[in-house]
Amino acid sequence: MSAPLVLVTGASGGIGEALATQFARHGYDVALAARSADRLADVAAKLAGKGAKTHVIPVDLAVPEGAQNLLGALKDLHLDVDVLVNNAGFGDMDPVAEADCAKLMSMVDLNIRTLTELSCALLPGMVDRRRGGVLNVASTAAFMPGPNMAVYYASKAYVLSFTRALYAELKGSGVHASALCPGPVKSGFQDAADMKGSLLLKLSPMMGPKKVARIGYKAFAKGKREIVPGLSNKIMAVSPRFTPTAMTMRLIKKLQTQ
Ligand SMILES: NC(=O)c1ccc[n+]([C@@H]2O[C@H](COP(=O)([O-])OP(=O)(O)OC[C@H]3O[C@@H](n4cnc5c(N)ncnc54)[C@H](OP(=O)(O)O)[C@@H]3O)[C@@H](O)[C@H]2O)c1
C-alpha cells in the first residue's frame with residue numbers, strides 16, 4: 001500500500017515547513033505549496049532525505065484563483081490528498097484606516113478564501129475514502145478582536161469557527177478537522193506583518209516552529225478539535241471569556257502599537 005499524502009500550504013518555511021517535516025517523519029508523502037520555488041525545493045530535499053516522496057508546487061495562494069491553480073497542479077500530478085494542512089497565511093500591523101486595502105484583501109483571499117476552497121474541493125474525496133483530515137492553522141488571535149491587526153484576527157476567528165463546525169459535520173465519517181492555534185512563534189511572520197517594533201513581540205514569549213508542529217501533529221493524529229500549544233497561550237485563549245471585551249481590546253491595541 002502506498003504512503004498517505006499530506007498537502008501543506010505555506011511549506012517553504014516557519015510552521016508549514018515544520019509541520020511537513022512532522023508528517024514526513026510519520027510516514028507521509030508530502031506535497032509542498034508556497035510561492036518560493038527555491039525554498040520549497042530545499043525543504044523537499046530535506047524531506048526526501050528522511051524517506052518521503054515529495055512534490056513541489058510553486059503557487060500564489062493570495063489571489064482569487066490561487067486554490068484552483070493548486071488543485072489543477074495536483075490533478076496534473078495525479079495526486080489524491082489524504083490530509084490537507086491549510087497553513088499559509090500572513091498578517092499586517094496597521095489600523096484599517098491607514099492600511100493598504102489591496103494587501104488586506106489578499107490576506108482575506110489567502111487566510112480565508114483559499115483555505116475554504118481547498119477544504120471544499122478535497123474533503124469529498126477524503127469522506128469517500130473514509131480517511132484523512134484537515135488541519136487548519138488558526139492562532140490565539142482567533143479568540144479575540146485585534147485592534148491594529150483587525151483583519152488578521154477576524155480571519156483567524158473565521159478559521160477557528162469554520163474548523164469547529166467542520167469537526168462536528170465530519171463526526172463518524174472517518175475524517176476529522178482540527179484547528180492549531182499557536183501564540184507568537186519565531187518565523188517569517190513578524191517581518192511579513194511589519195510588527196517587529198511592537199510591545200507584543202517585546203513582551204511575549206516566542207515558541208519555535210518545531211515545537212508548535214510537534215504538539216500540533218500529535219494532537220491532530222489523536223483527532224483533537226482545537227490545539228493551543230503552551231500554557232501561557234492556553235490562558236490567553238480562554239481569558240477573553242472572563243474579561244470585558246473593551247478591556248481586552250484596550251490591552252491588545254496597546255500591545256499592537258509600534
Ligand atoms: N508566527 C506566529 O507568531 C504565528 C502565530 C499564530 C499563527 N500563525 C499562523 O501560522 C501560519 C504560518 O505562519 P508562519 O509563522 O510559519 O509564517 P512564515 O514563516 O511567514 O510562513 C508563511 C508561509 O506561508 C507562505 N505564503 C505566504 N504568502 C503566500 C502566498 N501568497 N501564496 C502561497 N503561500 C504563501 C510563505 O511562503 P512564500 O513566501 O514562499 O509564499 C510561507 O511558507 C500562518 O497562517 C500564520 O497566520 C503564526
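Hi everyone. A quick word on naming before I start: when I say helix or strand, I mean a DSSP run, of at least four residues (H or I) for a helix and at least two (E) for a strand, numbered from the N terminus. With that, H78 can be placed in the loop between α3 (66-76) and β4. Please keep in mind that this is a predicted model.

Let me stay with H78 for a moment. Its phi is positive, about 55 degrees, although H78 is not a glycine. Is H78 buried or exposed? With 6 other C-beta atoms within 10 Å, H78 is exposed. R130 makes a nice companion: its phi is also positive, near 55 degrees, and R130 is a residue other than glycine. You'll find R130 in the loop between α4 and β5 (133-137). R130 has 10 C-beta neighbours inside 10 Å and therefore counts as exposed.

Now let's step back to the whole chain. The protein chain has 10 helices and 7 strands. Its radius of gyration is 18 Å, close to the 18 Å that the globule rule gives for 258 residues, so the chain is as compact as a globular protein of that length. Along the principal axes, the C-alpha trace spans about 55 × 40 × 30 Å. As for burial, 46% of the 258 residues count as buried. And if you take the contacts with a separation of 6 or more, 69% come from residues 24 or more positions apart.

On to the ligand. Which residues come nearest to the ligand? Of the 29 residues around it, those are G10, G14, R35, G89 and G188. Two elements give two or more residues to this shell, namely α1 (14-25) and α6 (189-192). The biggest contribution is from α1, with 3 residues. By class, the shell holds 15 nonpolar, 11 polar and 3 charged residues.

That brings us to α1 itself. This helix has 12 residues and reaches 17 Å from its first C-alpha to its last, close to the 16 Å expected at 1.5 Å a residue. How many of the residues of α1 are buried? The count is 11 of the 12, so α1 is largely enclosed by the rest of the structure. Among the buried ones are G14, I15, E17 and F23. Just after α1, G27 takes a positive phi of about 95 degrees.

One of the residues of α1, A20, also turns up in the largest nonpolar core. That core has 75 residues, and V8, A20, V30, L32 and A33 touch the most other members. L32 is worth a click in your viewer. Not counting residues up to four places away in sequence, L32 touches V8, A11, A20, L40, V43, A44, T54, H55, V56 and I57.

I'll finish with A88, which is found in the loop between β4 (83-86) and α4 (101-129). Although A88 is in a loop, it counts as buried, with 28 C-beta neighbours inside 10 Å. What is A88 in contact with, leaving aside its neighbours within four places in sequence? The partners are T9, G10, G16, A34, L61 and L110. G10 you have already met at the ligand, and G16 is one of the buried residues of α1. Finally, a distance you can check yourselves: A88 and M207 are 119 residues apart in sequence and 18 Å apart in space, C-alpha to C-alpha.

Thanks for listening!

Methods
Residues numbered from 1 in each chain as written. Predicted model: local features only at pLDDT ≥ 70, side-chain atom pairs only at ≥ 80, totals over all residues. Rg over C-alpha atoms; globule rule 2.2 N^0.38 Å. Buried ≥ 20, exposed ≤ 12 C-beta atoms within 10 Å, placed from the backbone. Contact = placed C-beta atoms within 7 Å. Near = placed C-beta within 6 Å. Nonpolar A, V, L, I, M, F, W, Y, C, P; charged D, E, K, R; others polar. Core = buried A, V, L, I, M, F, W, Y, C linked by C-beta atoms within 7 Å. Expected span 1.5 Å × (residues − 1).
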